[in-house]
Amino acid sequence: MMTFRTTSTSTPRPTRRLTSLVLVAGLVIASACSSTAAGLGSMAQAGPPSPDPRVGLGAGLFDAEEAIWNLAWLSQSPPPEAFVGSTNSDLAFMGDYAIQGNYNGVIFWDISDPANPRVAVEYVCPASQSDVSVYGNLMFVSGEGASGRLDCGSEGVAEAVSHDRLRGIRIFDISDIQNPDYIGNVQTCRGSHTHTVLKDPSDDDNVYIYVSGSSSVRPSEELEGCVAAGDDPSSALFRIEVIRVPLDSPEDAAIVSSPRIFQDLVAPESHGAAPSDIRAIVEARAGGAFVVDRGGQERILPSRMIDPMLQRIVGERGGSGLPTAADSAKLREELPILVAQQFGNRGANQDPNAPRPGPTQCHDITVYPYIGLAGGACGGYGLLLDISDPENPIRIDAVADSNFSYWHSATFNNDGSKLLFTDEWGGGGGPKCRIDDPREWGADAIFTLENRRMVFHEYYKLSAVQTSVENCVAHNGSLIPIPGRDIMIQGWYQGGISLFEWTDPNNPHEIAFHDRGPVNAETQGSGGSWSVYWYNGVIVNSEISRGLDIFELTPSAHISQHEIDAAKSVHLEYLNAQGQPHFEWPSSFALAGSFVDQLERSGSLSDERVEMVRGALDSADGGSRDGLNDLANEVARWAGSSSDSAKVRTLAGAVRDLAR
């Protein structure tokens, strides 16, 4: 680990196959979970099934073999016809709806019955990557690619400069969710790869959108004021865009600032290629593939990128048909220049021996208004931002890590004392969970926040080895509101979804999972979990090719029924995972029971005291609560002799709340 810091001021269900190995594992776990609550502590170290049932799953698009542990599968719904074959992207939630972005538009799923979700609205409006967020009666959708149209047409935009092109944020009124009304847009110089909606607690008149656009700078002829030169003070590089959206007139949304939060950052050190990647590059070169150096790493360019460039060269010489060897040679000469133009940060007048500048853009920003901070996952850096002035976020800390390749997304724990970053090594298109891939690469990095600085503790990576035809790397996820613990569900593309605990930042560990076999057994296909989030008692997964999955937690050695019930007591009106909510739990017997279960699991209360509290709570739940104050006082007296005095005091407070 190397860090350094810079500070500045209803569709039919597809056929499903479940491996017999997983069925056996499930029976073992189910048997363990049928034990009485008093046996919880002895099961605390129960690990995942061995051998890991995720290894060797059979391939298929809608009939792949599946492995599941400590989760219950509720439904799997394929995408509607207009979206089949197009990438499903991120999720937002409002009321009974899961709103799924897709490169062809947006799908509104009614998940009021999570076992039988149905498509409520299919809104076709192509753009990459249709990152989606909601607030009130508004929906915001990102567009970054050159083919997105202002009119939502599907014919694309062929011209290099066009005023029909949409690169930025679309704004919809979804007061009538059955009839989304496209009311406006805000264009940006680099488009919007992702965006983040910030509701400032002190401002009820506006919401703010932080735009992360990672594409090339569009021509000024297309959008006035767009400058690509990195050494120009008005450059569209090295900044984010802040859009203010007046809630009473969202059609008047506009960019109000372009904070240069990357000022003075230099390119961090990075790791080289993994053994499997080195072998692949050698083989690709020998086979005549096009390989480029991007940011100090060699990458094999796919034919979908190379073919249009070759056809351009053919056209420029007035030819037709297939490219010649001379055309290929010309492209090889041009590629370093093209890559520098697309991704290079160095200004024309910069000293070639000077350190290379750092990132020019964030991939994603997670705001946590509860603590007035944001985590910026910004390519080569993880940033900590002060968002107390929402129009002018300020970088207060920055960390880099030579084990990280591409800082992709961020998640705070609920009390704001920790921050987790994901590393999308390989950009999400490569298999990065192979047997010889380093465990620290393509993983999560866990930091504590100490005096508004980030302090690294440990990595977490999916433990199951995946094949060379499965793109697998850390991607999007969210917290699950289990009281007193930091538990997160996360997508890993074709690595599936993984539920893990990071309460102890030095010991993150997996406690549940779901995985499918590859989309294709022979070649890497498009599929896997783009994002998976907890929302009002269920876990919803945006599967890139297969549609929408919904799961729920099941009791296990790692999570009790009390903890599941307490999590379900938290109700959200809406959710944008990148606009992170603060969880608060209503007083309940499930909440108090959760703390009892946790104290038993950790051995921080004796068996006799655990049984006494459980018995008293059971009696009060079914009858009089008169004795609960006395019970709370008694529990509070135990704090001094417990190895987890803080949790004991929390239990005492939860019991006292029940007495009111």
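**Exercise 1. Lys418 and its partner**

Classify Lys418 as buried or exposed, then describe its salt bridge with Asp486.

Solution. Lys418 has a relative accessibility of 8%, so it counts as buried. The cut-off for buried is under 20% relative accessible area. The structure is a predicted model. Asp486, at 9% relative accessibility, also falls under that cut-off and therefore counts as buried. The side chains of Asp486 and Lys418 meet in a salt bridge, with an N to O distance of 2.5 Å. This pair links distant parts of the chain, 68 residues apart: Lys418 belongs to strand 24 (residues 418–423), and Asp486 to the loop between strand 27 (477–480) and strand 28 (487–491).

**Exercise 2. A salt bridge at Arg244**

Find where Arg244 and Glu391 lie in the chain, and state which class of accessibility applies to Arg244 and to Glu391.

Solution. Begin with the contact: the side chains of Arg244 and Glu391 form a salt bridge of 2.5 Å, N to O. Arg244 sits in strand 15 (residues 241–246), while Glu391 is in the loop between strand 21 (381–386) and strand 22 (394–401); the two are 147 residues apart. Next, the accessibility. Arg244 has 31%, so it is partly exposed. Glu391 has 19%, which makes it buried. By the rule for such pairs, the model has 33 salt bridges. Salt bridges also link Arg149, Asp151, Glu155 and Asp164 in a network.

**Exercise 3. Helix 3 and what follows**

Check the length of helix 3, locate its buried face, and describe the residues after its end.

Solution. Helix 3 covers residues 303–316, which is 14 residues; at 1.5 Å a residue the expected span is 20 Å, and the end C-alpha atoms are 20 Å apart, so the two values agree. Its buried residues are Ile306, Met309, Leu310, Ile313 and Val314. Viewed down the helix axis, these buried residues fall within an arc of 145 degrees and therefore line one face. The general reason is that an α-helix has 3.6 residues a turn, so residues three or four places apart point the same way.

After the helix comes Gly318, with a positive phi near 80 degrees. Arg317 joins Asp327 in a salt bridge of 2.7 Å, N to O. Arg317 lies in the loop between helix 3 and helix 4, and Asp327 lies in helix 4 (residues 325–343), 10 residues away. Asp327 is buried, with a relative accessible area of 4%, whereas Arg317 is partly exposed at 44%.

**Exercise 4. The two sides of helix 7**

Which residues of helix 7 are buried, which exposed residues lie on the face turned away, and what covers the buried ones?

Solution. Helix 7 (residues 607–621) has 15 residues and reaches 21 Å from first to last C-alpha, close to the expected 21 Å. The buried residues are Val610, Val613, Arg614, Leu617 and Ala620. They fall within an arc of 130 degrees seen down the axis, so they line one face of the helix. The face turned away carries the exposed residues Asp607, Glu608, Asp618 and Ser619. The cover over the buried residues includes helix 6 (589–602), helix 8 (628–638) and helix 9 (645–659).

**Exercise 5. A surface patch**

Which residues form a nonpolar patch on the surface with Val55, and where does Val55 lie?

Solution. Val55 forms the patch with Ile435 and Val465, and together they have about 280 Å² of accessible area. Val55 is in the loop between helix 1 (20–33) and strand 3 (65–69). Its relative accessibility is 46%, so Val55 counts as partly exposed.

How values were computed
Residues numbered from 1 in each chain as written. Predicted model: local features only at pLDDT ≥ 70, side-chain atom pairs only at ≥ 80, totals over all residues. Heavy atoms only, no water. Helix = DSSP H or I, 4+ residues; strand = E, 2+ residues; numbered from the N terminus. Expected span 1.5 Å × (residues − 1). Buried < 20%, exposed > 50% of the residue type's maximum accessible area, 1.4 Å probe, protein only. Arc of directions from axis to C-beta. Patch = residues over 30% accessible without salt bridge, like charges linked within 9 Å, V, L, I, M, F, W, Y side chains within 5 Å. Areas by Shrake-Rupley, 256 points an atom, 1.4 Å probe, with all protein chains shown as cover. Salt bridge = Lys/Arg side-chain N within 4 Å of Asp/Glu carboxyl O. Contact = heavy atoms within 4.5 Å.
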